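Work through the exercises below with the sequence and the coordinates open. Each task is followed by a solution in steps.

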Amino acid sequence: MNNIDKLFKLAQEAASNAYAPYSNFKVGSAILSHSGHFYVGCNVENIAYPNGSCAEAGAIASMIANGDKQIKSLLIYADSQTLITPCGACRQRISEFANKDTIIYLANSKGVQKKYTANELLPNNFKEF
Ligand code: THU
């Protein structure tokens, strides 16, 4: 299985475990790091709505907790016929650990639909220079 298929399968599995009783919108995310490891996350909602967290935040937290810091590629899977793009906060989270070659794939139940660089998703991200 190639890396894109693996990312898709992992993100789809993570989405099936998402906790989204308020939006009924399950999202999964999978990261392949530069060191060759895979990490996953899903959205975790809360009855106090703003306390919910996105799938990408979970996958990034898992990557960091496991000692990795560089995202080679990241896939966002929406358990839906529609497609989603990451929220603004997650674009900033991704950019923290991305480089110019990092690829972000967008997928839904029909498969992988689009791909972007982190810079395309969030040009002029917050940084000091
Ligand atoms: N969500 C994600 O997990 N990732 C995204 O890229 C966009 C939105 C979640 C947040 C919320 O739990 C649900 O999807 C509906 O917005």
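At 15% relative accessibility, Phe8 counts as buried, where buried means under 20% relative accessible area, exposed over 50% and partly exposed in between (1.4 Å probe, protein chains only). The model is predicted, so local features need pLDDT of at least 70 and side-chain atom pairs count only at pLDDT 80 or more, while totals for chains, interfaces and linings use all residues. Residues are numbered from 1 along each chain as its sequence is written, and side-chain values use heavy atoms, with hydrogens and water left out.

**Exercise 1. Describe the aromatic pairs.**

Step 1. A pair of aromatic rings is described by the distance of the centres and the angle of the planes. Rings of Phe, Tyr and Trp (its six-membered ring) pair if their centres lie within 6.5 Å; planes under 30 degrees apart count as stacked, over 60 as edge-to-face and the rest as tilted. The count by this rule is 2 aromatic pairs.

Step 2. Phe8 and Tyr77 form an edge-to-face pair, with 5.4 Å from centre to centre and 90° between the planes. This pair links distant parts of the chain, 69 residues apart: Phe8 is in helix α1 (residues 3–16) and Tyr77 in strand β3 (residues 71–78). Helices (H or I, at least four residues) and strands (E, at least two) are DSSP runs, numbered from the N terminus. Tyr77 is buried, at 2% relative accessibility.

Step 3. The rings of Tyr22 and Tyr49 have centres 5.5 Å apart and planes at 45°, so this pair is tilted. Tyr22 lies in the loop between α1 and β1 (27–33) and Tyr49 in the loop between β2 and α2, so the pair ties together parts 27 residues apart in sequence. Tyr22 is partly exposed, with a relative accessible area of 35%, whereas Tyr49 is exposed at 61%.

**Exercise 2. Which ring does Lys6 lie over?**

Step 1. A charge sits over a ring if NZ of Lys or CZ of Arg is within 6 Å of the ring centre and within 35 degrees of the ring normal.

Step 2. Lys6 lies over the face of Phe38, at 4.3 Å from the ring centre.

**Exercise 3. Map the surroundings of the ligand.**

Step 1. List the residues near the ligand, meaning those with a heavy atom within 4 Å of it. The ligand is surrounded by Ser23, Phe25, Val27, Asn43, Glu45, Cys54, Ala55, Glu56, Ile84, Thr85, Pro86 and Cys87.

Step 2. Look for short distances between polar atoms. A side-chain N or O atom of Glu45 is 2.5 Å from an oxygen atom of the ligand. For Glu56, a polar side-chain atom lies 2.5 Å from a ligand oxygen atom. Ala55 has a polar backbone atom 2.9 Å from an oxygen atom of the ligand.

Step 3. On its own the ligand has 380 Å² of accessible area, and the protein covers 75% of that. Accessible areas come from the Shrake-Rupley method with a 1.4 Å probe; for residues, only the protein chains shown count as cover.

**Exercise 4. Which residues of α2 are buried, and what covers them?**

Step 1. The buried residues of α2 are Ala55, Glu56, Ala57, Ala59, Ile60 and Met63.

Step 2. Their cover includes β1, β2, β3 and α3 (88–96), where contact means heavy atoms within 4.5 Å.

Step 3. Just after α2, Gly67 takes a positive phi of about 90°.

**Exercise 5. Is Ser73 buried or exposed, and what does it touch?**

Step 1. Ser73 has its place in strand β3 and is buried, with a relative accessible area of 7%.

Step 2. Not counting residues up to four places away in sequence, Ser73 touches Leu7, Ala30, Ile31, Leu32, Ile103 and Tyr105.

**Exercise 6. Compare the settings of three asparagines.**

Step 1. Asn24, in the loop between α1 and β1, has a phi near 55°, a positive value in a residue other than glycine. Asn24 counts as exposed at 66% relative accessibility.

Step 2. Asn124 is placed in the segment after α4 and has a positive phi of about 55° although it is not a glycine. At 73% relative accessibility, Asn124 is exposed.

Step 3. Asn125 is found in the segment after α4 (118–121) and counts as buried, at 18% relative accessibility. Its side chain makes a polar contact with the side chain of Ser95, at 3.2 Å. A polar contact is a pair of N or O atoms within 3.5 Å; within protein, one must be able to donate a hydrogen and the other to accept it, and residues adjacent in sequence count only if both atoms are side-chain atoms.

Terms used
Near = heavy atom within 4 Å.
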